[in-house]
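Dear colleague,

I am handing over the structure we talked about, with the sequence alongside it. My notes on what was found in it follow below, grouped by topic.

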Amino acid sequence: DDRSAFDAKSRELAAQLVTSLTNESGIWAGFMPIGFEPDISSIFSSLQYLTWAFPRVEGETLAFYVPMGALVLNHWDIPEPDPSASRKIPLGDLRGILVPGLAFDLQCNRLGRGRGFYDRVLGRPEIHTNTNLVKVGIGFERQIASSPLPTDPHDQAMDRIITESREIKRTESK
């Protein structure tokens, strides 16, 4: 059954992620999965020593909020924080950000859904000057391309990628 295989791989990926983030601290941006994206939602309760913020589409970019209540569905049916019941986090305060993608390569490049929300927010000066920020691509092993993905100047590479079976680290400096 495809769903049980998907769920099993999501659990394996979440376990890899918990191991990878064990020594981390601070405010991390997560995401609630949509469609084919790995369901990593279990890590938010497993890693309660981290403060979890979630993205909210605001205009053409993403803002991150620590929700004080349940997430609400936006017009794309993506769960996001209700700004009236959440605390907005300045981008410079993020310690890490988990980023979904359609595909990744071994150089830690990411192919998104095409709207550019993550590339735009990751390209902001507050992110670039935050040398402590860790950008972590989240995807299944089958989403790792064997050859380099095409990239545009605005595309933002990840510092590492976590799949259900490994962690890939970017080798060149930021």
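In what follows, a contact, or one residue touching another, means heavy atoms within 4.5 Å. Please keep in mind throughout that this is a predicted model.

With that meaning of contact, lysine 135 touches Ile97, Leu122, Gln156, Ala157, Met158, Asp159 and Arg160, leaving out residues up to four places away in sequence. This lysine 135 belongs to strand β10, which covers residues 134-138. Lysine 135 is buried and yet has no salt bridge, the nearest side chain of opposite charge being that of aspartate 159 at 4.8 Å. Because a salt bridge is counted with the nitrogen within 4 Å of a carboxyl oxygen, that distance of 4.8 Å for lysine 135 and aspartate 159 does not qualify.

The largest nonpolar core has 44 residues, and those with the most contacts inside it are Ile40, Ile43, Trp52, Phe64, Leu98 and Ile138. In general, nonpolar side chains in soluble globular proteins tend to be buried together. Isoleucine 138 touches, among residues beyond four places away in sequence, a set including Leu13, Leu17, Phe31, Pro38, Ile40, Leu98 and Ile162.

As for aromatic side chains, a search of the whole structure finds 4 aromatic pairs. One of them is formed by phenylalanine 44 and tryptophan 52, which meet edge-to-face at 4.8 Å centre to centre, with 70 degrees between the planes. Both phenylalanine 44 and tryptophan 52 are buried, and together with Phe54 these residues form one aromatic cluster.

Phenylalanine 117 is found in helix α3, residues 117-122, and arginine 120 lies over the face of phenylalanine 117, at 5.3 Å from the ring centre. Phenylalanine 117 counts as buried because its relative accessible area is 11%. Leaving aside neighbours within four places in sequence, phenylalanine 117 is in contact with Val57, Gly59, Glu60, Thr61, Leu62 and Trp76.

Turning to charge pairs, the count comes to 15 salt bridges. Glutamate 141 and arginine 166 form one, with the closest N and O atoms 2.6 Å apart. This pair links distant parts of the chain, 25 residues apart, with glutamate 141 in the loop between β10 and β11 and arginine 166 in the loop between β12 and β13. Glutamate 141 is partly exposed, at 23% relative accessibility, and arginine 166 is likewise partly exposed, at 32%. The side chains of arginine 110 and aspartate 119 also meet in a salt bridge, at 3.8 Å from N to O, and both arginine 110 and aspartate 119 are buried. Glutamate 167 pairs with arginine 160, the closest N and O atoms being 3.5 Å apart; arginine 160 is buried, with a relative accessible area of 12%, whereas glutamate 167 is partly exposed, at 31%. Arg160 and Glu167 are linked with Glu24, Arg95 and Lys169 in a network of salt bridges.

Finally, a word on the backbone. Most residues other than glycine have a negative phi. Aspartate 77, however, has a positive phi of about 65 degrees, and aspartate 77 lies in the loop between β4 and β5, where it is exposed, with a relative accessible area of 54%. Cysteine 108 also has a positive phi, of about 70 degrees, and cysteine 108 is found in the loop between β8 and β9, but cysteine 108 is buried, with a relative accessible area of 0%.

With best regards

Key
Residues are numbered from 1 along each chain as its sequence is written. This is a predicted model: local features need pLDDT of at least 70, side-chain atom pairs count only at pLDDT 80 or more; totals for chains, interfaces and linings use all residues. Side-chain values use heavy atoms; hydrogens and water are left out. A nonpolar core is a set of buried Ala, Val, Leu, Ile, Met, Phe, Trp, Tyr and Cys residues joined through side-chain atoms within 4.5 Å. Buried means under 20% relative accessible area, exposed over 50%, partly exposed in between (1.4 Å probe, protein chains only). Helices (H or I, at least four residues) and strands (E, at least two) are DSSP runs, numbered from the N terminus. Lys and Arg count as positive and Asp and Glu as negative; His and the chain ends are not counted. Rings of Phe, Tyr and Trp (its six-membered ring) pair if their centres lie within 6.5 Å; planes under 30 degrees apart count as stacked, over 60 as edge-to-face and the rest as tilted. A charge sits over a ring if NZ of Lys or CZ of Arg is within 6 Å of the ring centre and within 35 degrees of the ring normal.
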